[in-house]
Amino acid sequence: MSSENEQIQQQATLRQHIETTVTNLFAPEDDSLRYALQAAKEEGLPEIQITPLEGKLLQFLATVSNARKILEIGSLAGYSGIWLARALPADGHLITLEVNPRHAEVVRRSFERAGVGQRCEVRVGKALDLLPQLGPEAPFDVIFIDADKAPYPQYLDWALTLSRPGSIIIADNCVRAYREPQNTADENTRGLLQYDQKASSHPRLLSLALPMDEDYTDGLTISVVLPA
Ligand code: SAH
Ligand code: DHB
Ligand code: MG
């Protein structure tokens with residue numbers, strides 16, 4: 001191997017070492033989180049949940065904003081939902097929207113197992129069909145967007161409708177669109193890029209993107225809703 005390749009390899013190993021150490025220190029998974037991952041695996045669900053540090057960041061953001069009502073779009077197996085629900089007080093409420101009934105069943109089991117079943121509700125259906133029904137339950141203090149990518153800009157519009165000044169809106173996966181931003185034939189890439197365009201320029205949002213997965217090629221876009 002050329003020395004340049006060796007150097008790249010060394011840097012990757014070092015980054016991995018740091019990521020593992022920091023994750024073990026600040027975001028270790030307990031039995032409940034591991035159960036959600038295991039249940040997902042056994043049911044053949046894709047392994048596309050957020051990372052532990054991203055989960056801890058969601059929990060952190062929900063905690064600093066004193067969240068009582070949280071909305072999640074895209075539940076998968078309940079992994080991110082557990083991190084979020086742990087920031088809620090006993091009388092808090094998390095609603096998570098999931099199109100796949102099989103996924104929803106796993107989520108409900110994972111929530112029960114994690115002891116957050118009382119505060120969490122899984123609604124089954126397409127997010128764009130369910131979001132218009134949420135008016136009476138709004139405003140949400142935290143909204144986490146992590147479902148299909150093409151409608152991300154519409155999900156952001158709904159998040160603004162269902163929030164209040166001070167609400168925090170987080171979207172997973174926009175950062176990955178910068179791997180191939182010229183690939184606008186792909187509706188997912190288009191949706192993710194438009195989301196970041198909108199989040200970064202909207203007069204009622206203060207936003208940033210954090211590349212924060214293992215190799216910094218994906219991450220979270222975070223916004224706070226400003227006063228009107
Ligand atoms: N937030 C989860 C990962 C979500 S993966 C975690 O980090 O643990 C994306 C999920 O969105 C999948 O379960 C998928 O079935 C769901 N999904 C896809 N399209 C959807 C839609 N239109 N409405 C609601 N959920 C959808
Ligand atoms: C995919 C979706 C996600 O939400 C994610 O975090 C990673 C991958 C996907 O559909 O491939
Ligand atoms: Mg995601």
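Modeller: Let's start with a term: on a 1 Å grid over the protein atoms alone, a pocket is an open set of points with protein on both sides within 12 Å along at least five of seven lines, whereas a cavity is a set where a 1.4 Å probe fits but cannot get out. This is a predicted model, where local features need pLDDT of at least 70, side-chain atom pairs need 80 or more, and totals for chains, interfaces and linings use all residues; side-chain values use heavy atoms, without hydrogens or water. Residues are numbered from 1 along each chain as written, while chains are lettered from A and ligands numbered from 1 in written order.

Biologist: What makes the space taken by ligand 1 special among the pockets?

Modeller: That space is the largest pocket. A molecule counts as sitting in a pocket if more than half of its atoms lie within 2 Å of the grid points. Two elements, α4 (79–85) and β2 (93–98), each give two or more residues to the shell around ligand 1. Helices (H or I, at least four residues) and strands (E, at least two) are DSSP runs, numbered from the N terminus.

Biologist: Which residues come nearest to ligand 1?

Modeller: Out of 22 residues around ligand 1, the nearest are S80, E98, H103, A127 and D146. "Around" here means having a heavy atom within 4 Å.

Biologist: Why is the H103 pair with ligand 1 called a polar contact?

Modeller: A polar side-chain atom of H103 is 2.8 Å from an oxygen atom of ligand 1. The rule asks for a pair of N or O atoms within 3.5 Å, so this pair qualifies. A polar backbone atom of I50 also passes, at 3.0 Å from an oxygen atom of ligand 1. The protein covers 90% of the 590 Å² of accessible area that ligand 1 has on its own, by the Shrake-Rupley method with a 1.4 Å probe.

Biologist: Which residues are around ligand 2?

Modeller: Those are I48, D146, K149, D172, N173 and R176. By class, one is nonpolar, one polar and four charged, where charged means Asp, Glu, Lys and Arg. Polar side-chain atoms reach oxygen atoms of ligand 2 from K149 at 2.9 Å and from N173 at 2.8 Å. Cover by the protein is 65% of the 290 Å² of accessible area that ligand 2 has on its own.

Biologist: How do you know which residues coordinate the magnesium ion (ligand 3)?

Modeller: Donors are N, O and S atoms within 2.8 Å of the metal (3.2 Å for Na, K and Ca), and sites may look incomplete because water is not among the atoms. D146 (OD), D172 (OD) and N173 (OD1) sit at 2.0 to 2.1 Å, so they count as donors. D146 is in the loop between β4 (142–145) and α7 (152–161), and N173 in the loop between β5 (168–172) and α8 (187–201), so this pair ties together parts 27 residues apart in sequence.

Biologist: What makes the bond between A138 and P139 a cis peptide bond?

Modeller: Its omega is about 0 degrees. P139 belongs to the loop between α6 (127–130) and β4. Most peptide bonds are trans.

Notes: Polar contact = N/O pair within 3.5 Å; in protein donor to acceptor, adjacent residues only side chain to side chain. 1 Å grid on protein atoms, 1.4 Å probe; cavity = no way out; pocket = protein on both sides within 12 Å on 5 of 7 lines; lining within 4 Å.
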